[in-house]
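Got your viewer open? Let's take a walk through this one, a stop at a time.

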Amino acid sequence: MNSASCAAKISTQPFSLNPTSPASHDRPLVSPKPASLFLGSTRKLRLSSSSKLNLHRRSGTVVAVSDVVKQKKSKSTHSLLITKEEGLELYEDMILGRAFEDMCAQMYYRGKMFGFVHLYNGQEAVSTGFIKLLKQQDSVVSTYRDHVHALSKGVPARAVMSELFGKTTGCCRGQGGSMHMFSREHNLLGGFAFIGEGIPVATGAAFTSKYKREVLKEADCDHVTLAFFGDGTCNNGQFFECLNMAALWKLPIVFVVENNLWAIGMSHLRATSDPQIYKKGPAFGMPGIHVDGMDVLKVREVAKEAIGRARRGEGPTLVECETYRFRGHSLADPDELRDPAEKAHYAARDPITALKKYLIENSLASEADLKAIDKKIDEVVEDAVEFADESPVPSQSQLLENVFADPKGFGIGPDGRYRCEDPKFTEGTAHV
Amino acid sequence: MAATFHGVGATVAALSSSSSSSSSSSPSNSFGSKILLSSPSRSFSVRKRASFTMVRSEGSMNFDLNFKGRRAQQLIANAVATKADSSPASSSSKPGHELLLFEALREGLEEEMERDPRVCVMGEDVGHYGGSYKVTKGLATKFGDLRVLDTPIAENSFTGMGIGAAMTGLRPVVEGMNMGFLLLAFNQISNNCGMLHYTSGGQFTIPIVIRGPGGVGRQLGAEHSQRLESYFQSIPGIQMVACSTPYNAKGLMKAAIRSENPVILFEHVLLYNLKERIPDEDYICNLEEAEMVRPGEHVTILTYSRMRYHVMQAAKTLVNKGYDPEVIDIRSLKPFDLYTIGNSVKKTHRVLIVEECMRTGGIGASLIAAITENFNDYLDAPIMCLSSQDVPTPYAGTLEEWTVVQPAQIVAAVEQLCQ
């Protein structure tokens with residue numbers, strides 16, 4: 001991993017119709033590397049394996065993120081991007097994500113969890129890179145691929161595993177499942193099964209932040225919301241509608257596209273007229289940034305600036321993270337369509353391996369330190385499974401409990417009493 | 001009730017119910033007052049009824065009918081059509097104030113916005129334009145552009161935005177310029193509005209109000225004449241109410257805003273100019289209760305929204321013919337107030353449902369199922385349901401009239417039911 005190369009492409013408002021650099025004149029149909037299936041990012045592939053700087057690829061006029069890029073460009077070996085503590089924190093978070101997801105796969109095939117389970121292997125750099133910069137009061141909105149977002153945001157592994165096992169000790173009392181992770185305490189606003197559905201919710205959370213500051217006069221309210229979603233979602237109406245509203249009202253939100261190039265079996269290039277998603281930001285009046293999503297430090301640098309922008313009230317940012325999922329779309333997906341060469345290519349860019357290499361090469365941590373973390377996380381995950389296994393399943397009394405915040409909403413029964421006053425209601429056997 | 005009146009086309013008929021304004025110590029409305037007092041869970045809602053209602057239609061017929069619940073002797077004595085009491089002296093001496101239904105909605109909304117700074121409005125043209133039906137007129141000037149937010153035309157997204165805002169602490173009121181436009185927001189209403197409280201294990205509440213005008217108007221065409229209550233009724237986790245008078249419009253608006261549940265408030269395009277005198281003091285209408293409009297003995301007529309007026313118009317004819325219909329405005333479309341409805345069925349043994357929904361899968365269909373399930377033994381005849389035809393509302397005035405239930409059909413149905 002080469003943090004000196006500015007692998008971030010930036011697209012800003014005045015350049016909405018122009019390519020950001022001469023090199024991006026590459027038309028998708030021209031493939032310098034025949035084996036590559038993702039033509040939109042071929043250039044990235046070539047360059048990421050080299051350690052040359054690519055200054056010419058940046059646009060002339062830069063706003064917000066440019067300072068970050070310039071900083072990276074002039075970085076010397078003396079000033080590292082992270083401290084040892086930060087490095088270990090990032091490493092631990094990514095290892096937790098990876099180990100947890102691997103355990104999920106095991107548990108699924110052992111019949112401990114059911115339904116649709118979507119694993120995050122390979123994309124850890126995005127979750128860790130962004131969420132580890134947030135405060136507790138900041139909000140995260142995710143999709144169905146939300147286990148690792150929950151873990152990064154601070155939801156205990158036990159709570160997530162229990163939820164997956166459908167136990168009452170799960171973060172949503174077993175009522176949500178894999179695709180609906182919520183945590184009020186950690187401000188994780190879900191977990192949505194339909195793609196694009198969470199983006200308006202995230203926009204609403206950002207709206208609340210602005211409202212609190214400007215209407216309720218909570219002057220120090222600078223909560224930021226991150227909305228994570230995939231490449232397939234970027235062809236959906238809700239994405240565009242929310243880009244518009246967020247830019248219009250300068251909402252404190254960052255739209256993070258986890259472009260893993262595949263929507264189940266639909267290649268991003270087959271579904272999208274212009275596959276370069278980051279370019280769609282300036283069309284709505286916000287900066288659009290493309291970053292190497294397999295490199296947690298690069299993601300983190302971009303995230304710092306985007307989150308900073310939002311916190312300062314300068315409005316939203318669209319960040320496209322080029323990433324990859326090592327497993328299929330879900331545990332039910334045989335994953336036969338993707339080229340093994342593509343998978344191998346990205347496996348070689350495993351973000352965890354890359355961070356490990358960085359930490360060791362820059363003497364931020366020793367092998368022993370990292371192994372200790374590996375072991376610790378193994379124990380955390382094992383403990384989570386044990387806890388989930390031993391937790392009780394929800395009893396029938398839980399069936400009707402959370403349908404309404406105010407259970408009077410079930411109405412008045414023939415006997416004149418509210419249905420929620422019926423003792424059968426608390427037993428879960430009432431007929432509503 | 002010997003009042004006569006001149007109906008003007010298919011427009012609304014006068015109706016009212018009253019309470020003596022002097023009895024302020026106990027709710028003096030006719031039906032339900034006893035229940036309110038004895039049931040602690042419902043004692044929070046005070047129901048004081050308006051003294052009378054006047055209805056303005058194109059023909060500007062004004063009526064003054066005083067019902068005093070079951071006290072029949074006073075009923076007839078006072079049920080005389082009088083001239084509109086527009087003289088200043090008489091207006092000022094009566095308690096309460098007069099306003100139109102859209103003003104009542106605005107008043108309710110404004111009072112709640114003053115009471116709680118977290119209440120905000122989102123919708124198309126709600127701000128500077130004042131609302132396409134003037135329900136939010138003046139509010140943006142008073143509360144600012146962020147609290148009364150003019151949104152772009154993106155129903156799905158701004159409804160979702162309202163839901164996200166509700167989850168994070170605000171209390172938004174989302175307006176659909178026409179209820180039909182909320183079809184575009186179905187994803188958010190069904191998946192997020194209704195279900196998020198449950199799928200999050202109770203962690204997040206969604207105290208959102210989604211409101212807007214629906215129903216068949218005056219030749220507005222098929223897409224602007226939709227009745228969405230039938231589409232939304234299956235969504236778990238939401239409540240639906242329909243207002244029909246300025247009194248209950250204000251009351252339901254306020255109750256909906258104060259409720260922790262997501263509530264969909266259905267207004268009707270043709271009812272916005274109804275005029276009524278409503279109390280000055282703060283009041284709300286219980287979201288789960290039905291409203292007794294006219295007690296009776298022979299038949300129970302269940303209705304809501306605009307059809308209430310068609311029913312009341314038919315009721316005049318029926319009374320002249322010697323029938324005594326009991327008219328209940330169910331108000332709460334989801335859940336049904338089975339207590340009020342059940343008591344009525346137990347008394348009259350005959351049920352007629354009059355609604356503007358489509359026949360298939362409408363509110364009436366659900367109501368028939370609920371009544372049959374719970375009160376089958378009390379029925380002397382099969383339940384009759386008059387709904388709109390399963391037809392996209394045509395533009396032509398004559399055709400449009402035939403798709404909607406008219407008073408004459410209601411009269412015929414009651415006569416048939418009571419044979």
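## Start with chain A

Select chain A and show its surface: about 16400 Å² is exposed, and carbon and sulfur atoms supply 54% of that. Keep in mind as you go that this is a predicted model. Switch to a cartoon view and you'll be looking at 15 helices and 8 strands in chain A. The chain runs to 432 residues, and 59% of them count as buried. Now for contacts: take those in chain A between residues at least 6 apart in sequence, and 74% of them join residues at least 24 apart.

## Where the chains meet

Bring chain B into view next. On the chain A side, 54 residues are in contact with 55 residues of chain B. How much area do chain A and chain B bury between them? About 4600 Å², with 63% of it on carbon and sulfur atoms. If you go hunting for salt bridges between chain A and chain B, the count is 0.

## Into the core

Time to look inside. The largest nonpolar core has 150 residues, and the ones to pick out are A:Phe130, A:Met161, A:Phe207, A:Leu226, A:Phe255, B:Phe232 and B:Ile371, which touch the most other members. Then colour helix H3 of chain A, residues 84–109: with 13 residues, this helix gives the core its largest share.

Zoom in on A:Leu226. Leaving aside residues up to four places away in sequence, A:Leu226 touches A:Phe130, A:Ile131, A:Leu134, A:Ser139, A:Val140, A:Val141, A:Val254 and A:Ile307. Another core, of 38 residues, lies apart from the largest one. To find this second core, select B:Phe102, B:Met113, B:Leu271 and B:Leu287, which are among its members.

## Rings to pick out

Show the aromatic side chains. Over all chains, the structure holds 15 aromatic pairs. Why does the pair B:Tyr247 and B:Tyr283 count as stacked? Their ring centres are 4.4 Å apart and their planes sit at 5 degrees, so the pair is stacked. B:Tyr247 belongs to helix H10 (residues 246–258) of chain B, while B:Tyr283 is in the loop between strand E9 (275–278) and strand E10 (291–294), so the pair ties together parts that are 36 residues apart in sequence. Both B:Tyr247 and B:Tyr283 are buried.

Back in chain A, select A:Phe229, A:Phe239, A:Phe240, A:Phe255 and A:Phe284: ring pairs link them into a cluster. You've already met A:Phe255, one of the residues that touch the most other members of the largest core.

## Backbone curiosities

Last, turn on the backbone atoms. Go to A:Gly190 and A:Gly191, where the peptide bond is cis, with omega near 15 degrees. A:Gly191 is in the loop between helix H6 (157–165) and helix H7 (198–214) of chain A. Over in chain B, B:Lys334 and B:Pro335 are joined by a cis peptide bond too, with omega about 5 degrees. Look for B:Pro335 in the loop between strand E13 (332–334) and helix H12 (338–348).

Which way does phi go at A:Ile264, positive or negative? Positive, at about 55 degrees, although A:Ile264 is not a glycine. You'll find A:Ile264 in the loop between strand E5 (262–263) and strand E6 (266–267) of chain A.

For the final stop, select B:Asp125, in the loop between strand E3 (119–123) and helix H5 (139–143) of chain B. B:Asp125 isn't a glycine, yet its phi is positive, about 60 degrees. With a relative accessible area of 33%, B:Asp125 is partly exposed.

Note on methods:
Residues are numbered from 1 along each chain as its sequence is written. Chains are lettered from A and ligands numbered from 1 in the order in which they are written. This is a predicted model: local features need pLDDT of at least 70, side-chain atom pairs count only at pLDDT 80 or more; totals for chains, interfaces and linings use all residues. Side-chain values use heavy atoms; hydrogens and water are left out. Helices (H or I, at least four residues) and strands (E, at least two) are DSSP runs, numbered from the N terminus. Buried means under 20% relative accessible area, exposed over 50%, partly exposed in between (1.4 Å probe, protein chains only). Contact means heavy atoms within 4.5 Å. Accessible areas come from the Shrake-Rupley method with a 1.4 Å probe; for residues, only the protein chains shown count as cover. Rings of Phe, Tyr and Trp (its six-membered ring) pair if their centres lie within 6.5 Å; planes under 30 degrees apart count as stacked, over 60 as edge-to-face and the rest as tilted. A nonpolar core is a set of buried Ala, Val, Leu, Ile, Met, Phe, Trp, Tyr and Cys residues joined through side-chain atoms within 4.5 Å. Buried area is the accessible area (1.4 Å probe) that two parts lose on being put together, summed over both. A salt bridge is a side-chain nitrogen of Lys or Arg within 4 Å of a carboxyl oxygen of Asp or Glu.
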